[in-house]
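User: Please take a close look at one part of this protein, the hairpin, and then set that part in the context of the rest of the chain. I would like one connected account rather than a list.

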Amino acid sequence: MPENTRPRLICSHCDGFPTVAVTTGQTTPTGHRQTITAACPACHGTGHSLPARPNARVGV
């Protein structure tokens, strides 16, 4: 039986890489690099975007 689900669109802002670890340039007391995590503001860290809404016609 064929599957009727459509593939989800990849976010055009992050190209499917929704979260990244950015180094702060400092080290922890154990000698590891200190990092922070940043999420894509467009897809909120999911990596996928919603399909565009169809335009509504006014005055038909």
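Analyst: Strands β2 and β3 form a hairpin with five residues between them, and in that turn G31 takes a positive phi of about 100°. The model is a predicted one, and the values that follow are computed from its atoms. Strand β2 covers residues 19-27 and strand β3 covers residues 33-39, and the two pair in the antiparallel sense over six bridges. Two positions show how the strands are matched: A21 has T37 as its bridge partner in β3, while T23 stands opposite T35 in β3.

Between A21 and T23 in the numbering comes V22, which is found in strand β2 and repays a closer look. V22 touches Q34, T35 and I36, when residues up to four places away in sequence are not counted. With I36 in particular, the separation along the sequence is 14 residues, whereas the C-alpha to C-alpha distance is 5.3 Å.

Is V22 buried, exposed or partly exposed? Its relative accessible area is 37%, and because buried requires a value under 20% and exposed a value over 50%, V22 counts as partly exposed. V22 also belongs to a nonpolar patch on the surface, formed together with V20 and I36, and the accessible area of these three residues together is about 230 Å². As background to reading positions along a strand, side chains in a regular strand alternate between the two faces of the sheet.

The hairpin sits within a protein that has four strands and zero helices, so that the order of elements from the N terminus on is β-β-β-β, each of them a DSSP run. On the N-terminal side of the hairpin, the loop between β1 (9-10) and β2 contains D15. The phi of D15 is near 55°, a positive value in a residue other than glycine, and D15 is exposed because its relative accessible area is 55%. On the other side, the loop between β3 and β4 (48-49) holds H44, which has a positive phi of about 60° although it is not a glycine. H44 is exposed as well, with a relative accessible area of 68%.

The cysteines deserve a careful reading, since a sulfur pair counts as a disulfide within 2.5 Å. A search of the whole structure finds zero disulfides. C11 is in no disulfide, and the nearest cysteine sulfur, which belongs to C14, lies 3.8 Å away. C40 is likewise in no disulfide, its nearest cysteine sulfur being that of C43 at 3.7 Å. What is the burial state of C11? C11 counts as buried because its relative accessibility is 2%, and C40 counts as buried at 9% relative accessibility.

For the protein as a whole, buried residues make up 10% of the 60 residues. Its accessible surface comes to about 5800 Å², and 56% of this belongs to carbon and sulfur atoms. Among contacts with a separation of 6 or more, residues 24 or more positions apart account for 47%.

To return to the hairpin, the picture is one of antiparallel pairing between β2 and β3, with a turn that includes G31, and with V22 and I36 contributing to a nonpolar surface patch alongside V20.

How values were computed. Residues are numbered from 1 along each chain as its sequence is written. This is a predicted model: local features need pLDDT of at least 70, side-chain atom pairs count only at pLDDT 80 or more; totals for chains, interfaces and linings use all residues. Side-chain values use heavy atoms; hydrogens and water are left out. Two strands pair if DSSP finds at least two bridges between them. Buried means under 20% relative accessible area, exposed over 50%, partly exposed in between (1.4 Å probe, protein chains only). Patches are made of residues with over 30% relative accessible area and no salt bridge: like charges are joined within 9 Å, nonpolar side chains (Val, Leu, Ile, Met, Phe, Trp, Tyr) within 5 Å. Accessible areas come from the Shrake-Rupley method with a 1.4 Å probe; for residues, only the protein chains shown count as cover. A salt bridge is a side-chain nitrogen of Lys or Arg within 4 Å of a carboxyl oxygen of Asp or Glu. Contact means heavy atoms within 4.5 Å.
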